[in-house]
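Okay, thanks everyone for coming. I've got one structure to walk you through today, so let's put it up on the screen.

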Amino acid sequence: MNLPEIHEFLGCPTPAAWVTAALADQETLLIDHKNNEFKAASTAMALMAKYSTHLDLINFMSRLAREELVHHEQVLRIMKRRRIDLIPVSASRYASGLRKLVRSHEPQKLADTLVVGAFIEARSCERFEALVPHLDEELGKFYGGLLKSESRHYQGYLKLAYQYGETQDVDRTIQKVRAAERELIESTDVEFRFHSGVPA
Ligand SMILES: [Fe+2]
Ligand SMILES: [Fe+2]
């Protein structure tokens, strides 16, 4: 199957105002990014536990969880080098906003969850890409490497969505999630986060 390229999969590019806000508050960017890597790993492990008879899902999620934990450690290392304190940063509205679209019954629930995962990974990839040209050498190199992993994660999630879901239903879900994701990215958001909308 030919998966759409990330920029055509996403309903809109990251607004320039978000990039400006991110560059102005790199401490919050890094802390929230670190939290997201942890959440990516823990979501992968929760899916392994919940869908314990889905072999391909388990294989993908197990590798994903390990990889996301490595990213988590890498962000921690950069934070330590930059003397950024581990202060609590609340989660953005983004992931919870997308998860509201997940239907409550199986097998749609699993396919929807995987589509949402594909969007989160795709947007992360696109945001790293938007940031890279503006960052210092260390962070630019790190984010340049991460965007390649996020692109793989996006593909893995989407392949599994089509594997466990029904093609036309998954296509419809993608359209629905794409519109909601675009709204979360393009509407104003009072809190700056890695996945926040346009800074208010
Ligand atoms: Fe990651
Ligand atoms: Fe990822």
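**The metal site and the helix behind it**

So, this is a predicted model, and I'll start at the metal. The iron ion (ligand 1) takes its protein donors from Glu 37 (OE), Glu 68 (OE) and His 71 (ND1), at 2.0 to 2.3 Å. Along the chain, those donors are spaced E-x30-E-x2-H. Glu 37 sits in helix α3, residues 26–50, while His 71 is in helix α4, residues 55–81, so this pair ties together parts 34 residues apart in sequence. There's also the iron ion (ligand 2), 3.5 Å from the iron ion (ligand 1), and Glu 68 coordinates both.

Are those ligands buried or exposed? Take Glu 37 and His 71. Glu 37 has 3% relative accessibility, so it counts as buried. His 71 is buried too, at 5%.

Now, α4 itself. That's 27 residues, running 40 Å from first C-alpha to last, close to the 39 Å expected at 1.5 Å a residue. Its buried residues include Glu 67, Glu 68, His 71 and His 72, but also Leu 57, Phe 60, Met 61 and Leu 64. Among the things covering them are α3, α6 and α7. Right after the helix you get Arg 83, with a positive phi near 55°.

Which residues have the most contacts inside the largest nonpolar core? Met 61, Leu 114 and Tyr 143, in a core of 59 residues. Helices α1 through α8 each supply at least two residues to it. Met 61, leaving aside neighbours within four places in sequence, touches Ala 44, Leu 47, Met 48, Leu 114, Tyr 157 and Leu 160.

Okay, that's my tour.

Methods: Residues are numbered from 1 along each chain as its sequence is written. Chains are lettered from A and ligands numbered from 1 in the order in which they are written. This is a predicted model: local features need pLDDT of at least 70, side-chain atom pairs count only at pLDDT 80 or more; totals for chains, interfaces and linings use all residues. Side-chain values use heavy atoms; hydrogens and water are left out. Donors are N, O and S atoms within 2.8 Å of the metal (3.2 Å for Na, K and Ca); water is not among the atoms, so sites may look incomplete. Helices (H or I, at least four residues) and strands (E, at least two) are DSSP runs, numbered from the N terminus. Buried means under 20% relative accessible area, exposed over 50%, partly exposed in between (1.4 Å probe, protein chains only). A nonpolar core is a set of buried Ala, Val, Leu, Ile, Met, Phe, Trp, Tyr and Cys residues joined through side-chain atoms within 4.5 Å. Contact means heavy atoms within 4.5 Å. The expected span of a helix is 1.5 Å times one less than its number of residues.
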